Amino acid sequence: RQKSSWMFNFVVDSLLCAIPTIIFLLGFSALGFGHTSMIQSRTLQQHAPKAFEILCMIGLTLYLLDFNEWRAMYRKFAYSVLIVGVTIVVFLNQSLYPAGPLCLFMILVPLYLLGGAKRVMGFDHRHQKQVGISNDEYFLFRLSRPLLFMGMVTLIIWLIWIVSGFSLIFTEEEEKQQNNNQWHITTKVRYAEYLGCPADFQDFPQCRNEALYNETGVEDTCFNVVIKDSSGA
């Protein structure tokens, strides 16, 4: 019975740890739809300053109203509003600060685990008394195995993704290329072109097509990315 109980707790804990991981990988990485969220962020980036102003106004209003003294239910709602607001601001600025979603993930996951997930996970109070540790210490002890397991699963999925060459943004012919997901110069250029990132001719003037620029005034790269088919043609 103890063994089955331990296995059940491990499965539940792993599923709870998997929720934020899956959301992040699907929404903000190349394994999922990170390219789509980046394009949407670039499209809506003009609204970021207004969203930040609204978030500051909400935060200041809650502070002046001493929301930390409110009843637990209303206080949690206020914190949720702030977290949602910060998430929206980070999303809108993703094109300017690509590391923003990752930083937000590192901050929100511990809050999620200590806040919501902790209530779902059960505790073996007899085991707690035997080893003489607190609730939080036992909670962190229980999380060690699921977090390690999820890290290994994520690493395996990432390695398979690199080797397979599977991609949601490139054409079927491009997917046939080997090393499609390895981070080399060709991959960088293709991602930049797909996401609409402008070339940095200020720091890299040697990459500008000087003949085209002198003739038409249009800045473009002096190279092209040629995708070969599976036969090498």
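Helices here are DSSP runs of H or I, at least four residues long, numbered from the N terminus. With that in hand, let's start. This is a predicted model. Read along the sequence, the pattern is α-α-α-α-α-α-α-α-α-α. That comes to ten helices and zero strands.

Some totals next. The protein has 233 residues, and 25% of them count as buried. About 16,300 Å² is exposed, with carbon and sulfur atoms supplying 65% of that area. Now contacts. Take those between residues at least 6 apart in sequence: 55% of them join residues at least 24 apart.

On to the cores. Which residues make up the largest nonpolar core? There are nine: Ala48, Ala51, Leu55, Leu62, Phe67, Ala78, Leu82, Val89 and Leu92. Two helices, H3 (48–64) and H4 (72–92), each supply at least two residues of this core. Look at Val89. Leaving aside residues up to four places away in sequence, Val89 touches Ala51, Phe52 and Leu55. There is also a second, separate core of seven residues. Cys17, Ala18, Val109 and Phe139 are among them. As background, nonpolar side chains tend to be buried together in soluble globular proteins.

Now the rings. Searching the whole structure turns up five aromatic pairs. One of them is Phe10 with Phe149. Their centres are 5.5 Å apart, the planes stand at 65 degrees, and the pair is edge-to-face. Phe10 sits in helix H1 and Phe149 in helix H7 (residues 135–164), so this pair ties together parts 139 residues apart in sequence. Is Phe149 buried or exposed? Neither fully: Phe149 counts as partly exposed, because its relative accessibility is 37%.

Next pair: Phe24 and Phe105. Their ring centres lie 4.7 Å apart with the planes at 35 degrees, so this pair is tilted. Distant parts of the chain are linked here too, with Phe24 in helix H1 and Phe105 in helix H5 (residues 100–120), 81 residues apart. Phe24 is buried at a relative accessible area of 15%, while Phe105 counts as partly exposed at 24%. Phe28 joins both of them in one aromatic cluster.

Last stop, Thr21. This residue is in helix H1, which covers residues 2–28. Why does Thr21 count as buried? Because its relative accessible area is 15%, and buried means under 20%. The Thr21 side chain reaches the backbone oxygen of Cys17 at 3.2 Å. Beyond residues up to four places away in sequence, Thr21 touches Phe105 and Thr154. Phe105, remember, is the partner of Phe24 in the tilted pair. That's the tour.

Note on methods: Residues are numbered from 1 along each chain as its sequence is written. This is a predicted model: local features need pLDDT of at least 70, side-chain atom pairs count only at pLDDT 80 or more; totals for chains, interfaces and linings use all residues. Side-chain values use heavy atoms; hydrogens and water are left out. Buried means under 20% relative accessible area, exposed over 50%, partly exposed in between (1.4 Å probe, protein chains only). A polar contact is a pair of N or O atoms within 3.5 Å; within protein, one must be able to donate a hydrogen and the other to accept it, and residues adjacent in sequence count only if both atoms are side-chain atoms. Contact means heavy atoms within 4.5 Å. A nonpolar core is a set of buried Ala, Val, Leu, Ile, Met, Phe, Trp, Tyr and Cys residues joined through side-chain atoms within 4.5 Å. Accessible areas come from the Shrake-Rupley method with a 1.4 Å probe; for residues, only the protein chains shown count as cover. Rings of Phe, Tyr and Trp (its six-membered ring) pair if their centres lie within 6.5 Å; planes under 30 degrees apart count as stacked, over 60 as edge-to-face and the rest as tilted.
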